Amino acid sequence: MKHEITVPEVSEGVTSGTIISINVAVGDQVEEDQTLLELETDKAVVEIPAPVAGEVSDIKVAEGDKVAIGAVIMSVEDGEAKVAIPEPLESGLPKELTPTIVIPEPEQNEPLPPSVQSKPVEQVLDLTPVRRDDQVAPAAPSVRRLARDLGVDIYQVLGTGSGGRICAEDVRLFVRDKMQQLTGGGATSITTDEFTGVYAQRPLPDFSKWGEISTEPLSRIRKLTAAAVSYAWSTIPMVTQYDKAVIEGLEDFRKDYNYRVTAEAKLTLTAVLVKVCAAALKTFPQFNSSLDLAREALILKHYQHIGVAVDTANGLLVPVIKDAGDKGIEELAIELNDLAEKTRQRKISPADMEGGCFIISNLGGIGGDAFTPIVYAPQVAILGVSQAEMQPVWNGREFEPRLMLPLSLSYDHRVIDGAAGARFLRWICVALENPIHLAMKG
Ligand code: CAO
């Protein structure tokens with residue numbers, strides 16, 4: 001049987017296009033969906049696929065030809081005799097083949113499970129194919145294959161690419177949307193092995209309409225960071241608690257100490273915080289835990305591995321100081337300086353960044369008086385450190401200048417109550433103000 005291939009309607013308002021490449025010759029055997037030729041319109045370049053497998057029997061155009069929408073440009077012979085096809089209904093398929101899924105209305109007095117009580121009683125999901133003979137969906141063969149594999153009628157998918165071109169993400173969004181219609185967007189909606197993070201985004205407008213733009217590919221670190229913070233932000237109900245520690249005593253000691261040691265052994269505020277936070281995790285074990293929702297349990301860790309956010313030329317990395325709770329501040333300072341330097345030079349291994357229980361993000365060397373750090377799943381808390389500065393503090397009789405270190409603790413509210421968050425952060429402030437407390441606790 002002979003199939004005539006016509007110039008498809010690419011998008012509204014487009015009446016013609018130019019053949020920019022012909023990928024087959026008369027006599028070639030082609031697979032279904034194999035690209036036969038490419039058509040350029042003022043809105044997009046469209047690949048025109050073979051509607052069936054067969055032999056190219058006729059080519060009526062040449063590269064460079066301008067063709068009108070609807071003109072016959074090629075023929076493919078599938079080698080089969082023409083057979084009688086049941087008269088299609090308006091939808092394009094016989095009624096019995098129309099895949100319409102109906103969620104039945106429940107029995108009048110039958111109680112609904114709580115998870116579905118608020119859903120509409122009947123939802124009809126119309127998956128009727130809408131293919132029209134005169135139109136080829138503007139999508140690459142790989143995207144058509146994906147749609148076919150997922151059972152999606154590609155003609156129902158809204159293309160978000162240039163000129164309405166359909167990409168793989170459009171097909172996935174279509175499936176997600178239909179599944180959410182089916183489940184009411186509830187807990188049984190579509191799940192994927194991997195949270196799509198950075199890709200979970202609505203289609204972008206064409207910014208070039210408003211001015212000049214340029215595009216840069218995301219680095220691997222940026223993609224990983226985007227996925228991690230998107231996941232954490234959308235799955236952890238978090239709260240941030242703020243407090244301030246008076247640190248002139250600590251700073252006097254640090255400056256005096258640093259006067260006497262080499263650069264490798266320099267005692268930084270962050271090293272002191274690593275020790276303080278490790279001790280705080282020992283005192284408040286639920287801050288050193290991970291929530292196991294599947295088992296409805298809290299996993300408590302009996303080690304204190306502290307991650308330190310390090311700003312590098314390539315982006316944020318978080319190396320982990322293992323067993324910080326068992327190490328002295330001097331040892332921690334040397335280890336942190338070494339690890340931070342290796343991180344900046346990208347000389348750390350993935351193992352150096354694994355197993356963290358809690359993160360310290362110190363932006364105080366750069367500036368700022370407060371920020372909200374994002375808990376790094378599956379951890380349950382993170383400490384943000386802003387810039388210490390002299391501030392007037394009322395001592396009961398007068399204002400006196402004190403060096404105040406602003407701290408912000410974000411925590412997973414499913415695991416940690418507000419009062420516990422406030423106590424934990426106050427404990428850290430007191431430990432920074434009175435380091436002897438640390439020596440007392442070991
Ligand atoms: N307040 C005021 N000054 C501070 C400070 C603070 N909170 N923290 C550091 N400083 C000062 C230090 O005292 C130091 O000054 P001196 O040289 O006079 O002692 C200077 O800033 C530089 O500190 P440092 O970088 O040598 O050492 P550090 O331990 O304080 O910081 C590190 C190490 C790795 C935390 C830091 O280099 C870094 O990368 N910070 C950025 C972290 C980040 O990007 N976080 C965002 C993550 S997203 O939530």
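## Polar contacts to the ligand

K266 reaches the ligand with its side chain. An N or O atom there lies 3.3 Å from an oxygen atom of the ligand. This is a predicted model, and every distance here is computed from it. T268 offers a similar kind of pair: an N or O atom of its side chain is 3.0 Å from a ligand oxygen. N362 meets a nitrogen atom of the ligand instead. Its side-chain N or O atom sits 3.0 Å from that nitrogen.

How much of the ligand does the protein bury? On its own, the ligand exposes 960 Å². The protein buries 69% of that area.

## The shell around the ligand

The ligand has 20 residues around it. Those that come nearest are T270, R344, S361, S386 and A388. By class, the shell holds eight nonpolar, eight polar and four charged residues.

Some elements give two or more residues to this shell. They are helix 5 (269–283), strand 15 (310–312) and strand 18 (358–362).

## A four-stranded sheet

Now to a sheet. Strands in a sheet pair through backbone hydrogen bonds, in parallel or antiparallel fashion. Here, four strands form an open sheet in the order 1-8-6-3, and the pairing is antiparallel.

Which strands are the edge strands? They are strand 1 (2–6) and strand 3 (29–30). Each of them pairs on one side only.

Strand 6 (residues 54–59) and strand 8 (residues 72–77) run antiparallel, joined by four bridges. One bridge partnership can be named: E55 is matched with E77 in strand 8.

Terms used:
Residues numbered from 1 in each chain as written. Predicted model: local features only at pLDDT ≥ 70, side-chain atom pairs only at ≥ 80, totals over all residues. Heavy atoms only, no water. Near = heavy atom within 4 Å. Polar contact = N/O pair within 3.5 Å; in protein donor to acceptor, adjacent residues only side chain to side chain. Areas by Shrake-Rupley, 256 points an atom, 1.4 Å probe, with all protein chains shown as cover. Helix = DSSP H or I, 4+ residues; strand = E, 2+ residues; numbered from the N terminus. Nonpolar A, V, L, I, M, F, W, Y, C, P; charged D, E, K, R; others polar. Pairing = 2+ DSSP bridges.
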